[in-house]
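Work through the exercises below with the sequence and the model open beside you. Try each task before you read its solution.

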Amino acid sequence: MAADSNILVDVDMEELQKLASVRCTVLSPTEMFKYAVDFSDQAQRLRNAQFLHRELPIRIAQLTVDLLTLPHGLSETLPIKQITAIYLGCLEKFRKLPFPTAAEEEAAFTQLLQSLAANRTSIPKAIGSLSCDELSMEQLHEMEDALYRFFTARVGVRFLTEHHILTCPDHEEASRLRRLQSSVAQDSDFLGCIQTDCDPIREVEKVVKIVISQTHDHFGVCPEIEIVNSSRNEDSKFTYVPHHLHCMVGELLKNSCHATVTK
C-alpha cells in the first residue's frame, strides 16, 4: 500500500469532524435502482454525479474519523495510518475537483471514482495485518465492533461509487467491474450494480466452484458442497446485487469448508 502517513500531520481535525458530522443520505437498493440510468441518459448521470460529489466526501470523512478514533492505540499503528492517508487523499481530490455541471466535468468526476474503486483489497489486507495479541477479550470485542461499523460504512461507499461507474459505457474500469459482478450476465440485465434478472442458483453455483478451487489449493481437499433449491417457483430470479451475493455466500462457504477440513 503506497501512502504517505505524514499526510496525517496536515489534517485539519476541526474541518474533518465538521464534515463527518453531516448526516449522510440514507438510500435503499430500491431508490438506487430507481435513479440508476442506462448508458444514454446523460442528464440523469449528471444529476447522480452531483449528488455523489456532495455525498461521498461526507461518508469518506466519517470513515476517516472512525479510523482516527479506533480504540486501544490501533489508530496509531502503521496500517491504520496508511489507510487514513488514503482516505484523506481522496478527500483532497474531491475538494480540488469542480462540482460537475456539464458532461465533460461528469466524465472527469467518473474518472476520479474509477481511481478510487480500482483498489479493492489493500485496505482489508492492511486491517487484517493488525496485531491484537496484547488485547483482552473485552478489548477485542470493542475493536471488532468498531471495525464492523467501519467495514459496513465502507461497503456503502463502494456501492455508491461502483453503481455510478457501471452506468458509464466507455471506461475500462466499468468493464472490469462488470466482469466481477456476473461473468455470464449481459449488460442489459443491469442498472449500475443492480441486476434486474439475478438468478441466485446460477450465482451460488459460480461461488461454489471458486470456493472448491480455493479450498483444494489451500488444503489439498475440499468437503462436498451441495446446492439445494428450496424455491417453490422454478423461476426464482429477482432484482439484486450479484456481487454482494457472491461475497456473503463465499465467506459463509469458505468459513464452513475451513472448519470442516481442520476439525
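**Exercise 1. Find the salt-bridge partner of Lys206, and say how the two residues are placed in their helix.**

Step 1: Lys206 forms a salt bridge with Glu203, and the closest N and O atoms of the pair are 2.9 Å apart; a salt bridge here is a side-chain nitrogen of Lys or Arg within 4 Å of a carboxyl oxygen of Asp or Glu.
Step 2: Both residues belong to helix H9 (residues 200–219), and because they are three residues apart there, about one helical turn separates Lys206 from Glu203. Helices (H or I, at least four residues) and strands (E, at least two) are DSSP runs, numbered from the N terminus.
Step 3: Lys206 and Glu203 are both buried, where buried means under 20% relative accessible area, exposed means over 50%, and partly exposed lies in between (1.4 Å probe, protein chains only).
Step 4: The side chain of Glu203 also meets that of Arg202 in a salt bridge, at 3.2 Å from N to O. Glu203 has a relative accessible area of 0%, whereas Arg202, at 25%, is partly exposed.

Before going on, keep in mind that this is a predicted model, in which local features need pLDDT of at least 70 and side-chain atom pairs count only at pLDDT 80 or more, while totals for chains, interfaces and linings use all residues. Residues are numbered from 1 along each chain as its sequence is written, and side-chain values use heavy atoms, with hydrogens and water left out.

**Exercise 2. How many salt bridges does a search of the whole structure find, and which parts does the pair Arg45 and Glu106 tie together?**

Step 1: The search of the whole structure gives nine salt bridges.
Step 2: One of them joins Arg45 to Glu106, with the closest N and O atoms 2.5 Å apart.
Step 3: Arg45 lies in helix H3 (residues 42–68) and Glu106 in helix H5 (residues 103–117), so this pair ties together parts that are 61 residues apart in sequence.
Step 4: Arg45 is buried, and Glu106 is buried as well.
Step 5: As a general point, side chains of opposite charge can pair when their charged atoms come close.

**Exercise 3. Work out the order of the strands in the sheet, and trace the partners of Gln195.**

Step 1: The sheet is open and has three strands in the order E1-E2-E3, with antiparallel pairing. E1 and E3 are the edge strands, each of which pairs on one side only.
Step 2: Strand E1 (residues 190–191) and strand E2 (residues 194–198) run antiparallel and are joined by two bridges; two strands pair if DSSP finds at least two bridges between them.
Step 3: Within this pairing, Phe190 stands opposite Gln195, while Leu191 has Ile194 in E2 as its bridge partner.
Step 4: E2 also pairs with strand E3 (residues 238–240), again in the antiparallel sense and over two bridges, and here Gln195 has Tyr240 as its bridge partner in E3.
Step 5: The hairpin of E1 and E2 has two residues between the strands, and Gly192 in this hairpin takes a positive phi near 65 degrees.

**Exercise 4. Where is His72 placed, and what is notable about its phi?**

Step 1: His72 sits in the loop between H3 and helix H4 (78–96).
Step 2: Its phi is near 60 degrees, which is a positive value in a residue other than glycine.
Step 3: With a relative accessibility of 34%, His72 counts as partly exposed.

**Exercise 5. Describe the chain as a whole, and then locate Thr260 within it.**

Step 1: The secondary structure comes to ten helices and three strands, and along the sequence the pattern reads α-α-α-α-α-α-α-α-β-β-α-β-α.
Step 2: The chain has 263 residues, of which 41% count as buried.
Step 3: Thr260 lies in helix H10 (residues 242–262) and is partly exposed, with a relative accessible area of 39%.
Step 4: The C-alpha atoms of Thr260 and Pro223 are separated by 7.2 Å, although these residues are 37 residues apart along the chain.
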